[in-house]
Amino acid sequence: MNGYEVWFEGFIVFAAIIGLITHSGILKKKFRVNLFLYYTNLSNLLVLLFFSCRVVVTFLGIQSGFLYQVVYSEFWHFSITASILITFLIYHFLLAPLVKKGDIGSAEFKHHSFDNIAVHYVVPILTLLDWLFIASKSNLNWMSGVYWIVIPLAYTLFALLRGMLGGNIKYTTSPYPYPFMDPAEKGWMKVMLNLFYMSIGFVVLGMMMVGIGGIL
């Protein structure tokens with residue numbers, strides 16, 4: 001990476017830090033650890049860790065080893081980007097309308113708040129721009145568009161197991177982080193169908209990104 005690219009990825013790290021700090025309530029001295037049960041915060045945390053490591057590896061001039069192989073892997077750069085991109089897509093198209101109507105979220109959770117915009121819009125868009133204009137994409141293939149969904153699938157398994165074994169998430173009336181995966185509200189059949197359709201959507205998204213990467 002050249003100097004401008006390093007600084008841009010450093011800005012992504014900064015944006016992710018600010019987003020997570022404000023979104024989780026640390027500045028208000030009311031740290032809401034329960035928010036790290038949600039895909040939003042975990043995907044932002046994943047971005048923070050990945051790009052922090054890329055910046056450190058670049059600044060230190062590391063050119064070999066496991067960490068270098070991971071952060072300069074085209075597949076993992078692609079996967080991290082796709083993972084945070086669905087944070088934006090699911091929130092904007094599925095959850096934001098419910099938030100605006102007050103159907104989900106606490107009284108303190110506002111659609112147009114700085115922290116909400118940071119984690120759902122700013123970090124995903126910056127990460128996408130980084131992948132489009134900075135990341136190497138020459139070795140991606142169509143199977144990359146399938147394999148990347150291991151990240152959202154791992155989160156889904158975690159969320160379902162936590163929901164079945166744990167109590168209601170603090171400040172909510174459900175043990176499940178999102179309405180579309182709550183069997184008490186939707187029924188298991190509907191939940192499984194929701195997750196199946198979303199998985200298909202994730203694969204389509206991955207394929208589209210691979211196709212775009214091939215053009216760029």
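## Pocket, cores and three residues

Colleague: What volume does the second largest pocket have?

Modeller: The second largest pocket has a volume of about 230 Å³. Keep in mind that this is a predicted model.

Colleague: Which residues lie nearest the centre of that pocket?

Modeller: I90, Y155, F180, M198 and F202 lie nearest its centre. The full lining has 18 residues. Helix 2 (39-60), helix 4, helix 7 and helix 9 each give at least two of them. Helix 4 supplies the largest share, five residues.

Colleague: What makes the lining nonpolar, polar or charged by class?

Modeller: The count by class settles that. There are 14 nonpolar residues, four polar ones and no charged ones. Tyr, Phe, Met and Ile count as nonpolar, so Y155, F180, M198, F202 and I90, the residues nearest the centre, belong to the nonpolar class.

Colleague: Why is A118 called buried?

Modeller: A118 has a relative accessible area of 7%. Buried means under 20%. The value is below the cut-off, so A118 is buried. A118 sits in helix 5.

Colleague: What is A118 in contact with, leaving aside its neighbours in sequence?

Modeller: With neighbours within four places set aside, A118 contacts G19, V123 and P124. A118 and T22 are 96 residues apart in sequence, yet their C-alpha atoms are 8.9 Å apart in space.

Colleague: Why is L216 called exposed?

Modeller: L216 has a relative accessible area of 55%. Exposed means over 50%. The value passes that mark, so L216 is exposed. L216 lies in the segment after helix 9.

Colleague: Which residues does L216 touch?

Modeller: L216 touches L132 and K137, not counting residues up to four places away in sequence. H23 is 193 residues from L216 along the chain, and 34 Å separates their C-alpha atoms.

Colleague: Why is H92 called partly exposed?

Modeller: H92 has a relative accessible area of 32%. That is not under 20% and not over 50%, so H92 falls in between and is partly exposed. H92 is in helix 4. Apart from neighbours within four places in sequence, H92 contacts P97 and Y121. The C-alpha atoms of H92 and H120 are 7.9 Å apart, with the two positions 28 residues apart in numbering.

Colleague: Which residues touch the most other members of the largest nonpolar core?

Modeller: F78, W148, Y178, F180, M181, F202 and M209 do, out of 36 residues in that core. Helix 4 (74-101), helix 5 (114-133), helix 7 (150-165) and helix 9 (188-215) each give two or more residues to this core. Helix 4 provides the largest share, 10 residues. In soluble globular proteins, nonpolar side chains tend to be buried together.

Colleague: What is Y178 in contact with?

Modeller: Y178 contacts Y38, Y39, T40, L95 and Y155, leaving aside neighbours within four places in sequence. Contact here means heavy atoms within 4.5 Å. There is also a second, separate core of 15 residues, including L20, V47, F50 and V71.

Colleague: Where is confidence lowest, and where is it highest, in the chain?

Modeller: Confidence is lowest in helix 4, at a mean pLDDT of 89, and highest in helix 6 (residues 144-147), at 96. The chain averages a pLDDT of 90, and 93% of the residues score at least 70. Where pLDDT is low, the predicted coordinates should not be read in detail.

How values were computed
Residues numbered from 1 in each chain as written. Predicted model: local features only at pLDDT ≥ 70, side-chain atom pairs only at ≥ 80, totals over all residues. Heavy atoms only, no water. Core = buried A, V, L, I, M, F, W, Y, C linked by side-chain atoms within 4.5 Å. Buried < 20%, exposed > 50% of the residue type's maximum accessible area, 1.4 Å probe, protein only. Helix = DSSP H or I, 4+ residues; strand = E, 2+ residues; numbered from the N terminus. 1 Å grid on protein atoms, 1.4 Å probe; cavity = no way out; pocket = protein on both sides within 12 Å on 5 of 7 lines; lining within 4 Å. Points joined across faces, edges and corners; volume = space filled by probe spheres on them. pLDDT = per-residue confidence, 0-100.
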